[in-house]
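Me: I'd like to go through this one and check each label against the number behind it. Ready when you are.

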Amino acid sequence: MEYFDYVRYQDRFLEAKDDYNNAKIIIIGAPMDFTVSFRPGTRFGPKKIREVSYGLESYSVYTDDSLEDKKFFDAGDADIPFGNVEKSLNILENITEKILEDEKIPLYLGGEHLISYPIIKKVAEKYPDLVVLHFDAHADLRDTYFGEKLSHATVLRRVSEHIKDKHIFHFGIRSGVREEFLYAQQHTHMHPIEVKTPFLNVLQDLKNRPIYITLDIDVVDPAFAPGTGTPEPGGCNSQEILEVVSHFKSLNVVGFDLVEVSPANDLSDRTSLLAAKILRELLIGLG
């Protein structure tokens with residue numbers, strides 16, 4: 001298509017508009033799960049989230065608002081080469097650079113969590129004071145994982161090398177090795193286990209700062225979101241994460257990704273539906 005060199009058009013997310021030029025938010029799918037360490041399948045997440053979105057209403061009871069007048073464009077999935085991690089990340093960088101040059105907000109659907117790294121790296125170049133909000137079951141702060149620097153288990157460590165110290169806020173983390181939590185004590189703001197309360201406690205301090213949000217669906221308890229590659233019992237419920245998302249509209253969000261939805265492990269589609277609903281609420285709030 002004419003807007004990006006590496007994107008193929010697919011079914012659009014609910015109520016997406018046809019006009020890229022007048023859109024405020026650009027949705028891109030990143031169908032990549034090359035470094036997943038447990039259950040693969042997140043490459044099919046973007047397609048499934050779009051598919052199930054048609055089961056939702058455009059109108060949100062939570063906000064008394066609708067997608068109908070929101071200006072967002074769904075550009076389809078990035079056309080990334082299967083198995084080539086570095087080239088795939090470079091392609092995501094290029095797409096993000098184009099979106100940012102056009103003064104628009106990138107919104108990515110994963111795919112594994114490693115996709116966040118090249119995206120945030122580019123966003124941080126545009127916004128040097130960038131703050132990253134990380135909602136996840138896992139710390140993702142390992143320096144290497146099975147000898148690899150680029151992994152879904154190292155993504156926030158790599159991100160921390162491109163933004164200012166103490167500019168990452170983690171919420172809901174309930175899994176990791178000791179070294180990750182020691183690193184967090186020195187370089188990030190770690191809020192283990194809980195999601196809503198610590199987020200609300202820092203919300204006022206985050207306002208007016210450029211914010212990138214990365215939301216791994218496994219921050220939600222697998223009782224509510226089983227369709228993910230590395231489920232971790234003990235997370236928040238669906239209502240809580242939706243309430244947290246409702247507050248994103250008060251922040252200066254300059255980028256967002258939602259990752260780790262794995263349809264093959266989601267026979268009821270409940271995880272994809274939750275992801276689609278999170279996306280709907282976010283688009284209404286930011287649009």
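Me: Which residue of strand 8 does Phe135 stand opposite?
Reply: Phe135 is across from Phe171 in strand 8. Keep in mind that this is a predicted model.

Me: What makes strand 7 and strand 8 a pair?
Reply: At least two bridges are needed for two strands to count as paired. Strand 7 and strand 8 (residues 168-173) have 4 bridges, in the parallel sense, so they pair.

Me: And what makes strand 7 and strand 10 a pair?
Reply: Those two, with strand 10 covering residues 210-216, share 5 bridges, again against a minimum of two, so they pair as well. The sense is parallel, and Val132 stands opposite Tyr212 in strand 10.

Me: Why is strand 7 called mostly covered?
Reply: Buried means under 20% relative accessible area. In strand 7 (residues 131-135), 5 of its 5 residues are buried. Val131, Leu133 and Phe135 point one way, Val132 and His134 the other way, and all are buried. As for the pattern, side chains in a regular strand alternate between the two faces of the sheet.

Me: Which helix joins strand 7 and strand 8 in a β-α-β unit?
Reply: That's helix 4 (residues 155-160), and the unit is right-handed.

Me: How do you know that Arg174 has no salt bridge?
Reply: The cut-off is 4 Å from a side-chain nitrogen of Lys or Arg to a carboxyl oxygen of Asp or Glu. For Arg174, the nearest side chain of opposite charge is Glu232, at 5.5 Å, so the pair doesn't qualify. Arg174 is buried all the same, and its place is in the loop between strand 8 and helix 5 (178-187).

Me: What does the side chain of Arg174 reach?
Reply: The backbone oxygen of Val219, at 3.2 Å. Polar contacts go up to 3.5 Å, so this distance falls inside that limit.

Me: Why is Arg209 called partly exposed?
Reply: Because its relative accessible area is 23%, and partly exposed lies between the 20% and 50% limits. Arg209 is in the loop between helix 6 (196-206) and strand 10. Leaving aside neighbours within four places in sequence, Arg209 is in contact with Val131, His167 and Asn252. The C-alpha atoms of Arg209 and Asn252 are 6.1 Å apart, though 43 residues separate them along the chain.

Me: What makes Asp269 and Lys48 a salt bridge?
Reply: N to O is 3.9 Å, and the limit is 4 Å, so the pair counts. These two link distant parts of the chain, 221 residues apart: Asp269 is in the loop between strand 11 (252-259) and helix 8, Lys48 in helix 1.

Me: Why does Lys48 count as buried but Asp269 as partly exposed?
Reply: The line between the classes is at 20%. Lys48 has 17%, so it is buried, while Asp269 has 22%, so it is partly exposed. Helix 1 (residues 45-53) is itself mostly covered, with 7 of its 9 residues buried.

Me: How do you know that Glu125 is exposed and Lys122 buried?
Reply: Glu125 is at 53%, over the 50% limit, so it is exposed; Lys122 is at 12%, under 20%, so it is buried. Their side chains meet in a salt bridge at 3.2 Å, N to O. Both lie in helix 3 (residues 116-126), 3 residues apart, about one turn of the helix.

Note on methods:
Residues are numbered from 1 along each chain as its sequence is written. This is a predicted model: local features need pLDDT of at least 70, side-chain atom pairs count only at pLDDT 80 or more; totals for chains, interfaces and linings use all residues. Side-chain values use heavy atoms; hydrogens and water are left out. Buried means under 20% relative accessible area, exposed over 50%, partly exposed in between (1.4 Å probe, protein chains only). A crossover is right-handed if, with the strands pointing away from the viewer, the path from the first strand over the helix to the second runs clockwise. Lys and Arg count as positive and Asp and Glu as negative; His and the chain ends are not counted. A polar contact is a pair of N or O atoms within 3.5 Å; within protein, one must be able to donate a hydrogen and the other to accept it, and residues adjacent in sequence count only if both atoms are side-chain atoms. Contact means heavy atoms within 4.5 Å.
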